[in-house]
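Please open the model in your viewer and keep the sequence panel in sight. The tour proceeds by selections, each followed by a description of what is found there.

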Amino acid sequence: MKLFVGLGNPGKEYEQTRHNIGFFVIDELAKRWNVSLKAAKFRGLFGTTSVFGEKVALCKPLTYMNLSGECVRPLIDFYGIAVEDVVIIYDDLDLPPGKIRLRLKGSSGGHNGVKSLIRHLGTEQFKRIRIGIGRPTNGQPVADYVLGRFTEEERRAVAEAVARAADACEQTVTTPFIQVMNDFNE
């Protein structure tokens, strides 16, 4: 089984924030694949389906960003999912809005959700799709920026990035991730 996890924060106040872009991708995949995401004992919204003959799962942790690993670890343990079959999708301050970057491994880069995953999974070697949200340019604190909403100008680029990230996830179901990286990294 392949598991796609989008990072974000639960609750109405966070729905359209920059930090929730991972949730946007999971919502797009759920729509494409007709998957109903339901609350699960793993402290997340979770659903499974078959795509291109392969079993896949979608997850949106409800633990808040900084505790994402507390949802993902029990989930992969319960289903016996190999860490190599997990793809984490999240926001990245170091990429401009609209850019996506796929990686096989790496540090947290200061991202608290990824820090939690590294701590709970015991490795930095898991697949990632990072989606650019840019950095604040007006002296705004980073925490306020990531919990803020996209500007009108950013929305179009972000919508395109979410669609491309979902396309990359779809390709990952049947194609080695190295090839997907070659196809989607700019």
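Select Val-162 to begin; this residue belongs to helix α5, which spans residues 152-174. The model is a predicted one. Is Val-162 buried or exposed? Its relative accessible area is 9%, and because the cut-off for a buried residue is under 20%, Val-162 counts as buried. Display the residues around Val-162 next: apart from neighbours within four places in sequence, its contacts are Ile-21, Phe-24, Val-25 and Glu-28. For a distance check, pick the C-alpha atoms of Val-162 and Glu-186, which are 15 Å apart in space and 24 residues apart in sequence.

**Lys-60 and its partner**

Move to strand β4, residues 54-61, and select Lys-60 within it. Lys-60 has a relative accessibility of 11% and is therefore classed as buried. Which side chain forms a polar contact with that of Lys-60? The partner is Asp-27, at a distance of 2.7 Å. Asp-27 also appears among the residues that Lys-60 touches beyond four places in sequence; the others are Gly-6, Phe-23, Ile-26, Leu-37, Gly-44 and Leu-45.

**Two positive phi values**

Select Asn-34 in the loop between α1 (21-33) and β2 (38-40). Most residues other than glycine have a negative phi. Asn-34, which is not a glycine, has a positive phi of about 55°. This residue is exposed, with a relative accessibility of 70%.

Continue to Arg-43, located in the loop that connects β2 and β3 (44-51). Here too phi is positive in a residue other than glycine, with a value near 65°. At 42% relative accessibility, Arg-43 counts as partly exposed.

**Arg-18**

Select Arg-18, in the loop between β1 and α1. Its relative accessible area is 5%, so Arg-18 is buried. Show polar atoms: one in the side chain of Arg-18 lies 2.9 Å from the backbone oxygen of Tyr-145. Tyr-145 is also one of the contacts of Arg-18 outside the range of four places in sequence, a list that further contains Asp-91, Ile-133, Val-146, Gly-148, Arg-149, Phe-150, Thr-151 and Glu-154.

**The strands around β5 and β7**

Colour β5 (86-92) and inspect its accessibility: seven of its seven residues are buried. Strand β1, residues 2-6, runs parallel to β5 and is joined to it by four bridges. To locate this pairing, select Phe-4 together with Val-87, its bridge partner in β5.

Now add β7 (127-132). The pairing of β5 with β7 is parallel and extends over six bridges. Tyr-90 and Arg-130 mark one place to look, as Arg-130 is the bridge partner of Tyr-90 in β7.

β7 also pairs with β6, in this case in the antiparallel sense and over four bridges. Arg-103 has Arg-128 as its bridge partner in β7. Show the side chains along β6 (residues 100-103), where they alternate between faces. Which of them are buried? Ile-100 and Leu-102 point to one face and are buried, whereas Arg-101 and Arg-103 point to the other and are not.

**Helix α3**

Select α3 (112-121). The buried residues of this helix are Gly-113, Val-114, Ser-116, Leu-117, Ile-118 and Leu-121. They pack against α2 (69-79), β5 and β7. Immediately after α3 comes Gly-122, with a positive phi near 75°.

**The largest pocket**

End at the largest pocket, which holds about 530 Å³ of space. To centre the view, select Leu-93, Gly-109, Gly-110, His-111 and Asn-112, the residues that lie nearest the pocket's centre among the 28 that line it. Which elements supply at least two residues each to this lining? They are β5, α3, β7 and α4 (142-146). Colouring the lining by residue class gives nine nonpolar, 11 polar and eight charged residues.

Terms used: Residues numbered from 1 in each chain as written. Predicted model: local features only at pLDDT ≥ 70, side-chain atom pairs only at ≥ 80, totals over all residues. Heavy atoms only, no water. 1 Å grid on protein atoms, 1.4 Å probe; cavity = no way out; pocket = protein on both sides within 12 Å on 5 of 7 lines; lining within 4 Å. Points joined across faces, edges and corners; volume = space filled by probe spheres on them. Nonpolar A, V, L, I, M, F, W, Y, C, P; charged D, E, K, R; others polar. Buried < 20%, exposed > 50% of the residue type's maximum accessible area, 1.4 Å probe, protein only. Polar contact = N/O pair within 3.5 Å; in protein donor to acceptor, adjacent residues only side chain to side chain. Contact = heavy atoms within 4.5 Å. Pairing = 2+ DSSP bridges.
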